[in-house]
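Trainee: I would like to go through this structure with you step by step, starting from single residues and moving on to the sheet and the cores. Could we look at it together?

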Amino acid sequence: MKIDEKVADFSLLDQHGVTRSLSELTANGPLVIFFYPLASSGGCTKEACHFRDLQAEFTAAGAAMVGISTDSVAKQLNFATKNNFTYPLLSDRDGAVADLFGVRRRLLAKSLPTKRATFIVDSAQILRFQISSETNMDVHANSALAALTDRAW
């Protein structure tokens, strides 16, 4: 995916088993999508909790957020419940959406957890922002929020 490219619509199950589509999630404004490797791991919990803690600021900037990993719906629900997440966590079990965004890792034929990356898709489903860092858990939410505040699109 490149900045200013249209993102193909996709649908995934959220932590409650409800189908969520990109077109639905972007209907009212920009969507911040953060990919994380493994629900309930230390780094992923820190990252997802930072998004949770800044949720009011994202809402004030007119954006919604969603987390995506290859974890099961049940594992996503456990992760969301344990950490009081009110935003959707989507289950990309086959990695198709990770492939779409170029964040899927593979070792030969074996699929591994996704790369840690964050994107902003606007209401026209155009990719407007992306950042990737495996080690700085706060940079994802902080940079996405700054991009929304300073947006020139």
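Trainee: Is aspartate 122 buried or exposed?

Mentor: Please keep in mind that we are reading a predicted model. The relative accessible area of aspartate 122 is 7%, and a residue is called buried when that value is under 20%. Because 7% falls under that limit, aspartate 122 is buried.

Trainee: Which residue forms a salt bridge with aspartate 122?

Mentor: In general, side chains of opposite charge can pair when their charged atoms come close. For aspartate 122 the closest N and O atoms of the pair are 2.8 Å apart, which is within the 4 Å that a salt bridge allows. The partner is partly exposed, with a relative accessible area of 25%, and a network of salt bridges links it and aspartate 122 with Asp4. The residue you ask for is arginine 128.

Trainee: Which residue forms a salt bridge with arginine 116, and which helix is that residue in?

Mentor: The closest N and O atoms of this pair are 2.7 Å apart, and the pair links distant parts of the chain, 69 residues apart. Arginine 116 sits in the loop between β7 (110–112) and β8 (117–121), and it is buried at 6% relative accessible area. Its partner is also counted as buried, at 0% relative accessibility. That partner is glutamate 47, in helix α2.

Trainee: How many salt bridges does the count come to?

Mentor: Besides the pairs we have discussed, aspartate 99 forms a salt bridge with arginine 104, with the closest N and O atoms 2.9 Å apart. Aspartate 99 counts as partly exposed, at 37% relative accessibility. Taken over the model, the count comes to 9 salt bridges.

Trainee: Which strands are the edge strands of the open sheet?

Mentor: The open sheet has 7 strands with mixed pairing, in the order β2-β1-β5-β4-β3-β8-β9, and the twist from one strand to the next averages 30 degrees. An edge strand pairs on one side only, so we look at the two ends of that order. The edge strands are β2 and β9.

Trainee: How many residues lie between β8 and β9 in their hairpin?

Mentor: These two strands run antiparallel and are joined by 5 bridges, and one of the bridge pairs is alanine 117 with serine 132 in β9. In the turn, glutamine 125 has a positive phi of about 65 degrees. The number of residues between the two strands is 5.

Trainee: Which strands does helix α6 touch where it packs on the sheet?

Mentor: It helps to begin with α2, which lies across β3, β4 and β8 and runs at about 165 degrees to β3. Helix α6 (residues 139–149) also packs on the sheet, and its direction makes about 155 degrees with that of β9. The strands that α6 touches are β3, β8 and β9.

Trainee: Which helix supplies the largest share of the largest nonpolar core?

Mentor: In soluble globular proteins, nonpolar side chains tend to be buried together. Here the largest nonpolar core has 25 residues, and those with the most contacts inside it include Val32, Phe51 and Phe85. At least two residues of this core come from each of β3, α2, α4 and α6. The largest share, 5 residues, comes from α6.

Methods. Residues numbered from 1 in each chain as written. Predicted model: local features only at pLDDT ≥ 70, side-chain atom pairs only at ≥ 80, totals over all residues. Heavy atoms only, no water. Salt bridge = Lys/Arg side-chain N within 4 Å of Asp/Glu carboxyl O. Helix = DSSP H or I, 4+ residues; strand = E, 2+ residues; numbered from the N terminus. Buried < 20%, exposed > 50% of the residue type's maximum accessible area, 1.4 Å probe, protein only. Axes fitted to C-alpha atoms, helices over the stretch in contact; angles between N-to-C directions. Contact = heavy atoms within 4.5 Å. Core = buried A, V, L, I, M, F, W, Y, C linked by side-chain atoms within 4.5 Å.
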